[in-house]
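This report describes the fold of a single protein, from its overall dimensions to selected residues. Please consult the sequence and the structure while reading.

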Amino acid sequence: MHPPVEGNDCGGLTADPLPVGAAYDWSVLPGCGAVVLFSGTVRDHAEGRDGVTELEYEAYEEQVVPRFETLAAETRARWPEVGRIVLLHRIGRLSLTESSVIAAVSAPHRNEAFAAARFAIDTLKATAPIWKRESWGAGDDWATGAQEVREAREVSRG
């Protein structure tokens, strides 16, 4: 993870393993008593598919980071007291138990941190042009449940 030299938002795509611990550490600030970190991991099943062995993520890379920046700005507009925000997503092939996505938010209090982190991960899933392909015993195919990519301001607070 390469945190920004300036600012309190860190977002990006990588083919490397996600730095869960470093994302948490960077999120901690003296004025923030809460850090909520969500890490989505590859599991062994999906809707209608048992025995998933790996996932492969593809992204419209030129659009992902600008959308992460818009998402962070929308999160701050809804929860102005937020300290730091981390939004990272893997691309490429991932094995079972590997982290595919991180959304971390720090805030002075836990209620704001939980709400903002929930909004961040839900909005990332709804707004980032990232697709996953699942491999399992019977073959491989794109994941079910894909949705139309939306703008961050269109996602409800949850």
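The accessible surface of the protein comes to about 8,500 Å², and carbon and sulfur atoms account for 48% of that area. The model is a predicted one. Of the 158 residues of the protein, 40% count as buried.

**Overall dimensions and composition**

Along the principal axes, the C-alpha atoms of the protein occupy a box of roughly 50 × 30 × 30 Å. The radius of gyration is 16 Å, which agrees with the value near 15 Å that a compact globule of 158 residues would have. The protein contains 3 helices and 10 strands. Read from the N terminus, these elements follow the order β-α-β-β-β-β-α-β-β-β-α-β-β. Contacts between residues at least 6 apart in sequence often span long stretches of chain: 72% of them join residues at least 24 apart.

**The sheet with mixed pairing**

One open sheet has 4 strands in the order S1-S6-S8-S2, and its pairing is mixed. Strands S1 and S2 form the edges; each has a single partner strand, so one side of each is left without a neighbour in the sheet. On average, neighbouring strands of this sheet are turned by 5° against each other, direction ignored. Helix H1 packs on the sheet, where it touches S1, S2, S6 and S8. The direction of H1 makes about 160° with that of S2.

How enclosed is strand S8, residues 99-107? In S8, 9 of the 9 residues are buried, so this strand is largely enclosed by the rest of the structure. Strand S2 (residues 34-41) pairs with S8 in the antiparallel sense over 8 bridges. Two of the residue pairs can be named here: Ala34 has Ala107 of S8 as its bridge partner, and Val36 has Val105 of S8. Strand S6 (residues 85-90) is also antiparallel to S8, to which 5 bridges join it. In that pairing, Ile85 stands opposite Val105 in S8. Val105 is thus named both as the bridge partner of Val36 and as the residue opposite Ile85.

**Helix H1 and its cover**

The buried residues of helix H1 (residues 20-27) are Ala23, Trp26 and Ser27. These residues cover an arc of only 100° around the axis, which puts them on the same side of H1. The cover over the buried residues of H1 includes strand S1 (9-14), together with S2, S6 and S8.

**The antiparallel sheet**

A further open sheet of 4 strands has the order S7-S5-S9-S10, with antiparallel pairing. Its edges are strand S7 (92-95) and strand S10 (139-142), each with a single partner strand, so one side of each is left without a neighbour in the sheet. Neighbouring strands of this sheet are turned by 20° against each other on average, direction ignored. Within the sheet, strand S5 (residues 52-59) and strand S9 (residues 130-136) run antiparallel and are joined by 7 bridges. Leu55 stands opposite Glu134 in S9.

The antiparallel strand pairs described above are collected here.

| Strand pair | Bridges | A facing residue pair |
|---|---|---|
| S2 and S8 | 8 bridges | Ala34 and Ala107 |
| S6 and S8 | 5 bridges | Ile85 and Val105 |
| S5 and S9 | 7 bridges | Leu55 and Glu134 |

**Two individual residues**

Ser100 is located in strand S8. Is this residue buried or exposed? The relative accessibility of Ser100 is 5%, so Ser100 counts as buried, the cut-off being under 20%. Leaving aside neighbours within four places in sequence, Ser100 is in contact with Leu18, Gly40, Thr41, Tyr57, Leu88, His89, Arg90 and Leu94.

Glu112 belongs to helix H3 (residues 110-127). With a relative accessibility of 23%, Glu112 counts as partly exposed, a class that lies between the limits of 20% and 50%. Which residues does Glu112 touch, not counting residues up to four places away in sequence? They are Trp79, Glu81 and Ala107. Ala107 is also the bridge partner of Ala34. Arg78 is 34 residues away from Glu112 along the chain, and the C-alpha atoms of the two are separated by 9.8 Å.

Note on methods:
Residues numbered from 1 in each chain as written. Predicted model: local features only at pLDDT ≥ 70, side-chain atom pairs only at ≥ 80, totals over all residues. Heavy atoms only, no water. Pairing = 2+ DSSP bridges. Axes fitted to C-alpha atoms, helices over the stretch in contact; angles between N-to-C directions. Rg over C-alpha atoms; globule rule 2.2 N^0.38 Å. Buried < 20%, exposed > 50% of the residue type's maximum accessible area, 1.4 Å probe, protein only. Contact = heavy atoms within 4.5 Å. Areas by Shrake-Rupley, 256 points an atom, 1.4 Å probe, with all protein chains shown as cover. Arc of directions from axis to C-beta.
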